[in-house]
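Biologist: I'd like to learn how to read a protein model, one feature at a time. Could you walk me through this one?

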Amino acid sequence: GMKRKGFTMRLTMLGTGHALATKCYNACFALQDDAMGKAPGRTFLVDSGGGNGILTQLERAGIDWHSIHDLFVTHTHVDHLLGSVWILRVVCYGMECGNYQGEFHFWGNDEVVAAADKLARMLLRPSESAFIGKRVFLHAVEDGDTAQILGRPVTFFDIHSTGSAKQFGFAMEYSAGKVLACSGDEPLTSENFSHVEGATWLVHEAYCCHDDIERYNPHPIHHGTVREACATAEHLSVENLVLYHTEDDDLAHRKEHYLAEGCSVYGGNLHVPDDLEAFELQRTFA
């Protein structure tokens with residue numbers, strides 16, 4: 001047959017902004033397994049932003065929500081949790097209409113699962129929320145728990161947040177010896193260095209440039225700077241660092257300013273993506 005170029009794993013940044021961002025969408029991303037056309041590709045959604053903008057971002061990225069069978073929400077803050085109500089809404093409606101195949105798995109710590117369950121039962125129609133526990137499964141994960149997502153091993157870890165909500169990150173071995181890790185929206189702490197050391201990809205928050213620390217004052221709100229994130233990635237020998245969950249005051253120059261600061265302390269590949277920017281983690285030729 002025809003040879004076609006494909007990917008076996010793609011990372012799409014659906015949103016790169018902080019909680020109150022208005023010029024870009026809130027921080028969230030999708031991991032897609034193309035399955036090389038042998039089976040329908042699947043999508044693993046990580047966080048969901050603060051509203052139904054998640055549906056717009058998925059559409060703009062060319063990601064069909066029918067392909068999402070796993071969603072992990074890092075913590076209960078509105079800019080990460082509320083979009084998940086919309087994902088549950090379309091999935092349950094799709095199940096009701098008979099056009100969503102299979103099961104849906106929602107992953108999060110106990111606070112996240114309790115909040116999602118309550119929101120879904122309050123806000124979805126009873127005929128939709130009826131699928132919870134039947135075809136929609138809410139999994140409360142604990143520190144160190146593992147799961148198979150997109151057919152790959154994922155380890156969830158407590159980031160030991162200093163903020164107001166319990167927050168988890170994860171590490172996925174997406175190919176033999178290759179790991180993609182995400183530390184939620186707070187700086188990675190030493191308790192979890194072991195999960196991330198030598199990772200091929202790390203998705204990490206950076207609220208602002210270190211040069212702007214007095215303007216944004218990120219530390220009291222449990223965020224860090226570009227320089228701090230890059231120093232951590234350098235220390236852990238991370239190959240590719242993706243910065244997100246940033247301020248959005250000057251998006252036109254964000255990439256240039258963040259790269260200039262970050263590359264002064266980090267020797268790996270630094271990425272400061274715009275919304276909808278995608279990275280092929282594994283490319284194969286079929």
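Biologist: Let's start with Asp-212: is it buried, partly exposed or exposed?

Modeller: Quick background: this is a predicted model, where local features need pLDDT of at least 70, side-chain atom pairs count only at pLDDT 80 or more, and totals for chains, interfaces and linings use all residues. Residues are numbered from 1 along each chain as its sequence is written, and side-chain values use heavy atoms, with hydrogens and water left out. Now the idea: buried means under 20% relative accessible area, exposed over 50%, and partly exposed in between (1.4 Å probe, protein chains only). Asp-212 has 27% relative accessibility, so it counts as partly exposed. Look for it in the loop between strand E11 (201–205) and helix H6 (213–216). Helices (H or I, at least four residues) and strands (E, at least two) are DSSP runs, numbered from the N terminus.

Biologist: Okay, and which residues does Thr-12 touch?

Modeller: Contact means heavy atoms within 4.5 Å. Leaving out residues up to four places away in sequence, Thr-12 touches Phe-29, Ala-30, Gln-32, Ala-61, Ile-63, Leu-276, Glu-277 and Ala-278. Thr-12 sits in strand E1 (residues 5–15), and with 3% relative accessibility it counts as buried.

Biologist: What does Lys-166 touch, by that rule?

Modeller: Its partners are Thr-74, His-75, Asn-109, Asp-110, Glu-111 and Asp-158, again not counting residues up to four places away in sequence. Lys-166 is in the loop between E8 and E9, and it's partly exposed, at 29% relative accessible area. Try the chain-versus-space check too: Lys-166 and Val-112 are 54 residues apart along the chain, and their C-alpha atoms are separated by 8.4 Å. For Asp-212 and Gln-167, 45 residues apart along the chain, the C-alpha separation is 26 Å.

Biologist: How do I read a helix? What does H2 reach from its first C-alpha to its last?

Modeller: You check the span against an expected one, which is 1.5 Å times one less than the number of residues. Helix H2 (residues 78–97) has 20 residues and reaches 29 Å, close to the expected 28 Å. Right after H2 comes Gly-98, with a positive phi near 80 degrees.

Biologist: And at what angle do H1 and H2 pack?

Modeller: Two packed helices are described by the angle between their axes and the distance between the axes. Axes are lines fitted to C-alpha atoms, for helices over the stretch in contact, and angles run from 0 to 180 degrees between N-to-C directions. Helix H1 (residues 53–60) packs against H2 at about 70 degrees, with the axes 8 Å apart. Angles under 35 degrees count as roughly parallel, over 145 as roughly antiparallel, 65 to 115 as roughly perpendicular and the rest as oblique. So H1 and H2 are roughly perpendicular. On the H1 side, Ile-54, Leu-55 and Leu-58 meet Gly-83, Trp-86, Ile-87 and Val-90 of H2.

Biologist: How many disulfides are there?

Modeller: A disulfide is a pair of cysteine sulfur atoms within 2.5 Å, and by this rule the count is zero. Take Cys-97: the closest cysteine sulfur, in Cys-92, is 11 Å from its own, too far for a bond. Cys-208 is in no disulfide either, with the nearest cysteine sulfur, that of Cys-209, 7.1 Å away. Cys-97 is partly exposed at 42% relative accessible area, while Cys-208 is buried at 0%.
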